[in-house]
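Here is a walk through one protein model, going from the overall build down to single residues. Have a look at it first, then read on.

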Amino acid sequence: MQRQSMKLNGKARFAIFSASAIAVAGLTACGNPQQADNAPASIDTVETKAVAVATIEVSNPSSFARSDEPIYISYHDLAVSSDTALQVTAGEQVIASQPVDYNLDGTVDGLLAMVDLAASEVVTLSIAEAGQQQPAPAARTQAEISVKTGGQWQPHSRYPDSEYQEYSGGEFNNVTELTPPSHYTDHSYWIRYEGPGIESDKVGYRIYLDWRNGFDIFGKLSDQPILQKVGQDGYESYHHLQDWGMDILKVGKSVGAGGFGLWTGDNIQLPSEVAQRTATIVANGPLFSGFTIDYDNWNSDAGELDVNAKFSMQAGSHLAKVDLTVAQPVEQLAIGVVKHKNTELITGDVDITGKAYTYIASWGKQALDGSPLGMVTLFRKEYLSEVVTYEHNYLAIVNPKGQPTEQAPKAKELHYYFGAVWQPESGIGDKQAFISYLEQQAERLTQPARLRITTAFSEAAKSAPMTAEQALSWSTKLANSELLRKGDIYKYSGWDVHRQRLPKFEYDIIGLYPESLNRLSHYTGDDAHKQLVEKITGSFIQDDGTIGRYKQSNFNIDNVAPGMALLTLYKQTGEQKYKLAADVLRQQLEHHPKTSEGAFWHKKKYTNQLWLDGVYMGMPFLASYSNQFEGGASFEEVVKEFKLTRKYLRDPKTGLYRHGWDEKKEQSWADPQTGLSPEFWARGVGWFAMAVVDVLAIIPESETELREPLLQISKELAQALVAYQDQATGTWWQVMDKAGQTGNYRESSASAMFVYFLATAVDQGYIDASYRDAALKGYQGLIDEFVLVHQDGTISMINQCYVAGLGFGRDGSYGYYMSEPIWRNDPKGNGPFILAGIAVHEMMSH
């Protein structure tokens, strides 16, 4: 079979490596299983020497041009060390790039390049070893903090009867870290412009390093770095127009231009009373700069809080990013902008998916020079609780997400952006132009540029011909990589790293992930794979069969899917608690609400709705449970679900299936005549495809009449999948019938599901053997397109749609499916990838 892949191009070429592929983790060279002693098998590495490093295809998902689109790729993904000198080119043009510490943790972790993209444009970047460090591009960002030395402290002229002091004499010198003494306060004339500053070529900001904690703006009339000039002669001059610009905001006692505080229910409390503040310049580069402020022992109404705030900016952008971590649990924070007279509050759309960005903003002639000035705070909708106007502020009240660490097991995180556009710099002079700017910024944050990544290291590791054992090896490698990355983190006492919450009895983390590794253990013999079901799914089950973090009255069919893992545990251990827990799920289906013809609603709160996802979530379990404990009495109900799904969701023209159907035709996403959602979402079809073959494996072959509708569905679906398979790569697109449309991308989780379906159906004789080539082409595409091999030998599965649904801000439109984040190493993709490798192994072995 010929491999289909996006090859490295341009002038650079990579060598053919002697170590052409990673050894199968947990397998000998002959593919024989080896036992592991309660630990994941080790993962070997590949030693390479390459000139070319990677090719990245960059697509603009917007119908408007994006200048200075940031393209970041980690050294981990590039499979090079952080001291490797790299050059980025587009054809013959050298693209400005910078090694960056993107998360501001003190370690340079990747490469940032800035690319100009026309509307819907696709460009190809080549990354190659440069042999020596490349000249830095022109400076377009800067971060600094500067204090006086050589003078002396004396009583404060503003606060003569206090402990506070001000600084007299001396000269300013930049420092990389600063903790002001306890006698420092505002107007102490010690810190130049009173705090750390950060700028891009568009605008500059400063954060007061005192009790005010206000965020202020330096409007710029120059695209060159200017912070080093500001305040050298004191605090007054920059409040008046200079050749570089001026301070343009009156902050007062407000949050200023994007500040934060604790929301106590009826007021905002700024981090004024703290034991100490420490500002640290972490990155100061031409394209990316950043600093941190640590607030130690903030005396707040929520108790003493320790807050780490990271601030960063990129070239070409008015926006500064803020990453807040609060070591102690807090319920609500407030972020926003100052409320000036004669200004207007502008709010973004909140009828959107949770991961999409929205905003609050102000507009008016509020700059100190009387010019129009717009300020904005942007954040993911999932954080938002409410928008309020409070005293001197327009505020978004937000709920930070949990992100525990060993040091701070109850920590919370909040990530947001703030920005300002000043008419003399930006040319934005009216409200409508400002709103257009805001909408574009929200879209850019929600939908970053689409990336297709091919690395020389990965290509070398994939060069071996595809065989049955190779297919199994890729499943094993991803399983072992996930064990090393996450282990049993999804257990009851663990953490859902994707949803940033305590694990719930979910279909993916509690069902699909451990169950896929359990199936793999039948081939590898690896106890680490087999034991994960008990470590994760088993941890939710009490001795009396009670299921942790499960509520039957929700009638959420997603919660039924882990029942397959429960049945596996009962079979493997014989422990009655697993049977009792499975009984609970069976009872849910017994009372689960249905459409008038008997199709299961997706959830109780999703009234009268049949979704493709739900067929997979409920029917394999119902069929398996019925086979084991009911003598197959529910088989007819299972098959009926498939028949009704085909009746209402299948499009006769394409053979594809719509995501959902509303029997009452009342939902905003539902066609008023048909009740159908408008698009063919690939993973929705994938869930349905996997459900078909999984149920056919359960219903005995003797039940020919019951099996016939499922076999017919399999044949129809196989024909449709091949018709919409991407010919260049063998994979499938996020919205299946709109290949190449702006924003659309080849999606890995659905591609894995379709390969699993095709390979299983061919192997079991459900469909004609002629589909074998499509299954193999799809599987090779999975490896070529979506697998990154890292230097440590682990692999990652990329370009996974994080999630998709209908209702509650999800309108089912094409734009909606483009707005969900693109993820990696999520169980919804990794589980099907592991199963696809097993299915291809079986198909190629027969």
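What follows covers the overall shape, three groups of strands, the aromatic rings and two single residues.

## The big picture

A word up front: this is a predicted model. The secondary structure of the protein comes to 18 helices and 37 strands. With a radius of gyration of 29 Å, close to the 28 Å that the globule rule gives for 846 residues, the protein is as compact as a globular protein of that length. The C-alpha trace spans about 95 × 60 × 55 Å along its principal axes.

How much of the protein counts as buried? The figure is 62% of the 846 residues. As for contacts with a separation of 6 or more, 70% of them are between residues 24 or more positions apart.

## A three-stranded sheet

Early in the chain there is an open sheet of three strands, ordered β2-β6-β5 and paired antiparallel. Its edges are β2 (66-74) and β5 (97-100), each of which pairs on one side only. If you ignore direction, neighbouring strands here are turned by 30 degrees against each other on average.

Zoom in on one of the pairings: β5 runs antiparallel to β6 (residues 110-117), and the two share four bridges. Within that sheet, proline 99 sits opposite leucine 111 of β6. As a reminder, strands of a sheet pair through backbone hydrogen bonds, either parallel or antiparallel.

## A five-stranded sheet and asparagine 393

Another open sheet has five strands in the order β18-β17-β23-β28-β27, again with antiparallel pairing. The edge positions go to β18 (268-269) and β27 (384-390), and each pairs on one side only. Further in, β17 (residues 257-263) and β23 (residues 333-338) are joined by four bridges in the antiparallel sense. One spot to check is alanine 257, whose bridge partner in β23 is valine 337.

Asparagine 393 belongs to β28 (residues 393-398). Is asparagine 393 buried or exposed? Its relative accessibility is 4%, so asparagine 393 counts as buried. Not counting residues up to four places away in sequence, asparagine 393 touches Ser254, Val255, Ile268, Val337, Val338, Lys339 and Val388. Val337 in that list is also the bridge partner of alanine 257.

## The enclosed strand β25

Strand β25 (residues 357-364) deserves a stop of its own. Eight of its eight residues are buried, so the strand is largely enclosed by the rest of the structure. The side chains split into two sets: Tyr357, Tyr359, Ala361 and Trp363 point one way, while Thr358, Ile360, Ser362 and Gly364 point the other, and all are buried.

Which strands does β25 pair with? One is β24 (residues 344-347), antiparallel over four bridges, where isoleucine 346 stands opposite alanine 361 of β25. Another is β26 (residues 373-380), also antiparallel but over eight bridges. There, tyrosine 359 faces leucine 378 of β26.

## Rings and charges

With ring centres within 6.5 Å as the cut-off, the model has 38 aromatic pairs. Take phenylalanine 215 and phenylalanine 311: their ring centres are 5.6 Å apart and their planes are at 65 degrees, so this pair is edge-to-face. Phenylalanine 215 lies in β15 (residues 215-220) and phenylalanine 311 in β21 (residues 303-314), so the pair ties together parts that are 96 residues apart in sequence. Both phenylalanine 215 and phenylalanine 311 are buried. They also belong to a cluster in which ring pairs link Tyr205, Phe215, Phe260, Phe291, Tyr295, Phe311 and Phe418.

Lysines sit over rings too. Lysine 579 lies over the face of phenylalanine 629, at 4.7 Å from the ring centre. Lysine 828 does likewise with tyrosine 802, at 5.3 Å from the ring centre.

## Threonine 89

One last residue to look up is threonine 89, in strand β3 (residues 86-90). Why does threonine 89 count as buried? The cut-off for buried is under 20% relative accessible area, and threonine 89 is at 16% relative accessibility, so it counts as buried. Leaving aside neighbours within four places in sequence, threonine 89 is in contact with Val94, Ile95, Thr124, Leu125 and Ser126.

Notes. Residues are numbered from 1 along each chain as its sequence is written. This is a predicted model: local features need pLDDT of at least 70, side-chain atom pairs count only at pLDDT 80 or more; totals for chains, interfaces and linings use all residues. Side-chain values use heavy atoms; hydrogens and water are left out. Two strands pair if DSSP finds at least two bridges between them. Axes are lines fitted to C-alpha atoms, for helices over the stretch in contact, and angles run from 0 to 180 degrees between N-to-C directions. Rings of Phe, Tyr and Trp (its six-membered ring) pair if their centres lie within 6.5 Å; planes under 30 degrees apart count as stacked, over 60 as edge-to-face and the rest as tilted. Buried means under 20% relative accessible area, exposed over 50%, partly exposed in between (1.4 Å probe, protein chains only). A charge sits over a ring if NZ of Lys or CZ of Arg is within 6 Å of the ring centre and within 35 degrees of the ring normal. The radius of gyration is taken over C-alpha atoms; the globule rule is 2.2 Å times the number of residues to the power 0.38. Contact means heavy atoms within 4.5 Å.
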